[in-house]
Amino acid sequence: MKPARKKIYFIPGTMCNKKLWAVLEPRLSELIEPVFLEIPKGKNISEIADHYYNVLDKDKLNLVGFSLGGYIAEYFSTKYQERIEKLFIISNSPTGLPSSEFKLRNDTLKIVEKYGYKGMSRRIAASLLSAENRTKDNIDLILEMAIEQGLEELISQYRYTSSRMDLAKALSNFSKIAYFFFSEGDELVDRKWLNKIAISNPNLTVVHTSGTGHMLPIEKPQELSHHINLWAQL
């Protein structure tokens with residue numbers, strides 16, 4: 001008799017949808033039952049956490065979050081720690097956004113609200129990938145997700161989820177298992193912050209991979225799935 005599959009919830013990043021996980025999903029263990037969530041519109045981080053609290057299973061939750069989804073998972077886990085079994089965070093450090101990224105988002109909001117939204121530029125999509133992974137297929141996938149999410153989603157996420165608290169204090173007292181996986185050269189992740197917080201709490205494990213890529217579910221599905229499969233068994 002096969003052991004029961006473990007339900008794991010996956011939260012995507014900014015302007016991403018289920019397609020983010022397409023190359024990762026076939027590499028997940030047969031013992032994992034993946035559930036791919038959407039980020040609700042028109043809600044700030046705290047309201048999104050409350051939404052998940054109300055709609056997800058009342059059993060202990062296993063959460064995997066990427067980028068914005070990683071921050072949401074972290075925030076949920078510190079606000080509702082009693083609802084968490086384990087946490088796996090990809091390409092995110094739970095601090096405020098870098099000032100350059102925050103400014104870019106505000107500038108983008110002004111532009112799209114005035115002129116509309118025609119999708120992400122290929123230059124920006126490519127910048128989210130390591131140089132060796134800037135293939136046509138990878139860039140096209142990022143652009144495809146952004147178009148599918150559309151103007152309403154972009155305005156919602158940029159307006160309501162760009163303001164973020166530093167969760168260092170909450171995570172220093174986090175009593176559940178949490179993994180952080182990111183590229184060592186990803187400018188959207190504060191590596192020093194993560195290493196410092198991991199030292200303060202033995203329940204937190206920091207694992208980094210080579211390169212500068214942010215889109216690790218697309219760029220390194222084999223390596224990422226290996227770590228998720230091990231984490232799921234803990």
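# Why these words fit this structure

Author: Both Glu101 and Arg105 are buried, where buried means under 20% relative accessible area, exposed means over 50% and partly exposed lies in between, with a 1.4 Å probe and protein chains only. The model is predicted, so local features need pLDDT of at least 70 and side-chain atom pairs count only at pLDDT 80 or more, while totals for chains, interfaces and linings use all residues. Residues are numbered from 1 along each chain as its sequence is written, and side-chain values use heavy atoms, with hydrogens and water left out.

Reader: What makes the meeting of the side chains of Glu101 and Arg105 a salt bridge?

Author: A salt bridge is a side-chain nitrogen of Lys or Arg within 4 Å of a carboxyl oxygen of Asp or Glu. The distance from N to O is 2.9 Å for Glu101 and Arg105, and therefore the pair meets the rule. The two residues lie in helix 3 (residues 99-115), four residues apart, which is about one turn of the helix. Helices are DSSP runs of H or I with at least four residues, strands are DSSP runs of E with at least two, and both are numbered from the N terminus.

Reader: How do you know whether Asp107 is buried, exposed or partly exposed, and which of these words fits Lys103?

Author: Asp107 has a relative accessible area of 29%, which lies between the two limits, so Asp107 is called partly exposed. Lys103 has 53%, which is over the upper limit, so Lys103 counts as exposed. These two side chains also meet in a salt bridge, at 2.8 Å from N to O, and both residues lie in helix 3, four residues apart.

Reader: How many salt bridges does the rule give, and which residues are linked in a network of them?

Author: The count comes to twelve salt bridges. Lys6, Glu85 and Lys86 are linked in a network of salt bridges. Another pair is Glu144 and Lys19, whose side chains meet at 2.2 Å from N to O. This pair links distant parts of the chain, since Glu144 is in helix 5 and Lys19 is in the loop between strand 1 (6-11) and strand 2 (32-36), 125 residues apart. Glu144 has a relative accessible area of 35% and Lys19 has one of 30%, so both values fall in the partly exposed range.

Reader: How do you know that helix 5 is not straight along its residues, and where is its kink centred?

Author: The expected span of a helix is 1.5 Å times one less than its number of residues. For the 25 residues of helix 5 (residues 136-160) a straight helix would span 36 Å, but the end C-alpha atoms span only 31 Å. The kink is about 95° and is centred on Gly150, where the bend is the angle between axes fitted to the seven residues ending at a residue and the seven starting there.

Reader: Why is strand 2 said to stand at an edge of the sheet?

Author: The open sheet has six strands in the order 2-1-3-4-5-6, with parallel pairing. Strand 2 and strand 6 (204-209) each have a single partner strand, so one side of each is left without a neighbour in the sheet. The twist averages 20° from one strand to the next.

Reader: What makes strand 3 and strand 4 a pair?

Author: Two strands pair if DSSP finds at least two bridges between them. Six bridges join strand 3 (residues 61-66) to strand 4 (residues 84-90), so the condition is met, and the two strands run parallel. Asn62 stands opposite Lys86 in strand 4, and Gly65 stands opposite Ile89 in strand 4.

Reader: Why is strand 4 described as largely enclosed?

Author: Six of the seven residues of strand 4 are buried, so strand 4 is largely enclosed by the rest of the structure.

Reader: What makes Phe181 count as buried, and which residues does Phe181 touch?

Author: Phe181, found in strand 5, has a relative accessible area of 1%, which is under the limit for buried, and so the word applies. Contact means heavy atoms within 4.5 Å, and by that rule, not counting residues up to four places away in sequence, Phe181 touches ten residues' worth of neighbours including Phe88, Ser91, Val207 and His227.

Reader: What is notable about phi in Ser91?

Author: Ser91 has a positive phi of about 55° although it is not a glycine. Ser91 is found in the loop between strand 4 and helix 3, and at 1% relative accessibility Ser91 counts as buried.

Definitions and conventions:
Axes are lines fitted to C-alpha atoms, for helices over the stretch in contact, and angles run from 0 to 180 degrees between N-to-C directions.
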